[in-house]
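These are my notebook entries on one chain, kept in the order in which I looked things up.

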Amino acid sequence: MQHADTILTGGRIFLGLEEGEAEALAIAGSRVLASGSNEEIRTLAGPSTRVIDLAGRAATPGLIDAHLHLLTLGLGMGEINLRPETGTSSIDHILSAVHDAAARTPPGGWIKGRGYDHNELAERRHPTLAELDSVAPDHPVFLERTCGHLAVANSAAMRLAGITRKTPDPAGGFIERRDGELTGLLAERGMRFVVDILPKPSRDEMVAAIERAGRFMLSQGFTGVMDAAIGMNFGEAEVDAFETAARTDRMPLDVWACLYGDPGGVLESAWERGLRFGTSNGRLRYGAAKLFTDGSAGSLTAAVSLPYLAGEPGNTGVLCFKTEELHGHIRRFHELGYQLAIHAIGDVAIEQVLSGIEAADSAAHPIAGRRHRIEHCGYLDAGQMARMAAAGIYPAPQPIFMYEFGDLYVTNLGSERATTAYPMRGFLDAGLMPSASSDAPVATTDPFKNLYTMVTRRSRGGTLLGEDQRLSLQEALHCYTACSAFSQFAEHEVGRLAPGMRANVTIFSHDIFSVPAEVLRDDVRCDMTLLDGDVVHGG
Ligand SMILES: [Zn+2]
């Protein structure tokens with residue numbers, strides 16, 4: 001008889017939505033050996049078996065964040081963190097953080113920050129160029145809003161980027177002016193002027209960032225992620241960094257690679273060097289191809305058919321591509337064999353993507369079975385959802401957006417559009433296998449806030465946003481595990497705890513199935529993470 005190397009016993013182990021629960025789990029080597037009652041599994045113990053007593057706590061398959069930015073997350077750990085949960089609640093907070101950073105940065109050195117949400121600030125506006133100049137006159141400053149689609153820069157940064165009051169707005173973005181003067185605010189491709197001249201981190205720094213962010217994710221109970229746009233900021237150097245991290249054993253968890261495919265991206269060069277769909281390097285697997293087609297609903301730049309209720313009257317957001325051009329890229333990447341992972345949030349952008357994927361369908365290159373993805377897929381209509389189901393095109397939504405930005409969605413789009421956004425129940429019932437993800441660093445990686453949102457559909461402010469879209473906790477875990485695995489063609493390996501599957505397990509601090517949702521949100525932690533049978537966090 002094969003003995004177990006590790007046994008989990010005495011808890012509530014969620015094996016999978018269909019498999020249900022077990023009290024105990026046996027692991028042999030890197031794989032699940034069996035699940036069952038404490039008595040059944042105890043018979044598999046040998047003299048050197050490690051027994052982990054769950055003591056009533058819950059365990060699940062390792063969580064998989066289906067869309068985040070691992071490298072950006074890791075690099076951001078070295079920048080000013082201005083996210084709301086850090087207590088950033090006013091322009092003064094931001095200015096004093098910049099002031100402090102300026103005091104410890106040699107003159108001329110860049111000061112970067114991210115994560116502020118102007119709607120969470122007392123002033124409910126962005127800091128201005130003049131304000132940033134007042135605290136950091138001798139340093140270029142660049143602060144990205146939490147969405148990553150808007151940023152503010154000071155005069156020194158504008159000067160280095162070559163932006164003057166006369167610089168025309170680029171296609172697909174803008175440089176805000178008031179009375180002809182720069183305000184500091186840059187949107188979408190308007191940000192590229194600065195992003196393109198930011199000092200590049202070295203490859204070692206990028207590898208270290210991937211490793212740091214990967215370990216952080218393990219500590220939160222994740223065993224896999226998708227990096228949603230490798231090459232977006234530093235081009236091929238990012239591809240090199242991911243390749244190096246994987247080759248030198250500095251990639252702590254599974255990474256499904258999504259290559260940045262916008263004009264100027266890395267998709268074509270990656271294809272040239274053989275990084276094609278189905279290839280892999282250690283924990284790094286390829287792959288998907290990324291295109292951005294609109295902005296975000298929080299920053300009023302997602303492309304929507306009905307105007308926003310906030311901001312400029314009549315504004316319906318930004319489309320990054322002309323339809324014909326986008327459809328050309330879609331067809332090209334589809335025919336190269338990549339899984340498409342296309343950013344589209346508003347219904348107009350979703351329409352542009354859907355019609356493009358439908359048009360790329362051909363006898364030689366059918367779209368059936370390719371699992372093309374629409375990233376975010378926040379505001380779609382019933383007809384679009386039915387077309388996705390019919391064609392096998394899957395959403396990659398971020399339930400956590402409803403928590404962090406739900407109240408803003410009500411302001412920007414009105415209650416009806418806000419409550420039907422990111423329809424997890426609708427996706428699940430339509431057979432669209434909705435994965436779960438954070439888009440970190442856009443939103444927090446915290447899986448408990450994400451699970452809370454899926455279960456309650458409540459925003460951070462407590463607003464109930466579409467009761468009919470709530471999931472059971474088991475369904476929410478199904479999205480975070482099996483559906484996320486499906487989104488990466490990995491459902492036969494991970495996402496459930498069935499015999500023969502990889503032994504990726506997350507152990508929580510509580511029995512998450514019996515605690516109130518608020519406890520799940522605020523108090524539950526990840527106690528231990530197992531990856532391929534090894535304890536990689538806790539224990
Ligand atoms: Zn993203």
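**Entry 1: the four-stranded sheet**

I worked from a predicted model. I began with an open sheet of four strands, whose order is E5-E4-E1-E6 and whose pairing is mixed. I noted strand E5 (31–36) and strand E6 (45–53) as the edge strands, each pairing on one side only. From one strand to the next, I found that the twist averages 25°.

I then examined one pairing inside this sheet. Strand E1 (residues 4–9) and strand E4 (residues 24–28) run antiparallel and are joined by three bridges. Which residue in E4 is the bridge partner of Leu 8? I found that it is Leu 25. I reminded myself that the strands of a sheet pair through backbone hydrogen bonds, in either a parallel or an antiparallel manner.

**Entry 2: the six-stranded sheet**

I turned next to an open sheet of six strands, in the order E3-E2-E7-E22-E23-E24, again with mixed pairing. Its edge strands are strand E3 (20–22) and strand E24 (534–538), and each of them pairs on one side only. The twist of this sheet averages 25° from one strand to the next.

Here I followed strand E2 (residues 12–16), which is joined to E3 by three bridges, the two strands running antiparallel. I recorded Gly 20 in E3 as the bridge partner of Gly 16.

**Entry 3: the chain as a whole**

I stepped back to survey the chain, which has 18 helices and 24 strands. I asked why the chain may be called as compact as a globular protein of its length. Its radius of gyration is 23 Å, close to the 24 Å that the globule rule gives for 539 residues, so the chain is as compact as a globular protein of that length. I noted that the C-alpha atoms fill a box of roughly 80 × 60 × 50 Å along the principal axes.

I looked up burial next: buried residues make up 62% of the 539 residues. The accessible surface comes to about 19500 Å², and carbon and sulfur atoms account for 51% of this surface. For contacts between residues at least 6 apart in sequence, I found that 73% join residues at least 24 apart.

**Entry 4: the zinc ion**

Which residues are the protein donors of the zinc ion? I found His 67 (NE2), His 69 (NE2) and Asp 439 (OD), lying 2.1 Å from the ion. Along the chain, these donors follow the spacing H-x1-H-x369-D. I noted that His 69 and Asp 439 link distant parts of the chain, being 370 residues apart. His 69 is in the loop between strand E8 (63–68) and helix H2 (70–76), whereas Asp 439 is in the loop between H15 and H16.

I checked whether these two donors are buried or exposed. His 69 has 8% relative accessibility and therefore counts as buried. Asp 439, with a relative accessible area of 6%, is buried as well.

**Entry 5: backbone exceptions**

Before this search I recalled that most residues other than glycine have a negative phi, and that most peptide bonds are trans. I found a cis peptide bond from Ala 440 to Pro 441, with omega near 10°. Pro 441 is in the loop between helix H15 (424–429) and helix H16 (447–456). Another cis peptide bond runs from Tyr 286 to Gly 287, with omega near -20°, and Gly 287 lies in strand E18 (residues 284–292).

I then looked for positive phi values outside glycine. Arg 124 has a phi near 50° and lies in the loop between strand E10 (111–116) and helix H4 (129–135). For Arg 457, phi is near 55°. This residue lies in the loop between H16 and helix H17 (473–486). Is Arg 457 buried or exposed? At 2% relative accessibility, Arg 457 counts as buried.

**Entry 6: the surroundings of Tyr 403**

My last search concerned Tyr 403, which I located in helix H13 (residues 400–413). Tyr 403 has 6% relative accessibility, so it counts as buried. Leaving aside neighbours within four places in sequence, I listed the contacts of Tyr 403, among them Lys 449, Tyr 452, Thr 453 and Arg 521. Its contacts also include Arg 458, Ser 459 and Arg 460. I noted as well that Tyr 403 and Gly 461 are 58 residues apart in sequence and 8.0 Å apart in space, C-alpha to C-alpha.

Key. Residues numbered from 1 in each chain as written. Predicted model: local features only at pLDDT ≥ 70, side-chain atom pairs only at ≥ 80, totals over all residues. Heavy atoms only, no water. Pairing = 2+ DSSP bridges. Axes fitted to C-alpha atoms, helices over the stretch in contact; angles between N-to-C directions. Rg over C-alpha atoms; globule rule 2.2 N^0.38 Å. Buried < 20%, exposed > 50% of the residue type's maximum accessible area, 1.4 Å probe, protein only. Contact = heavy atoms within 4.5 Å. Areas by Shrake-Rupley, 256 points an atom, 1.4 Å probe, with all protein chains shown as cover. Donors = N, O, S within 2.8 Å, 3.2 Å for Na, K, Ca; no water.
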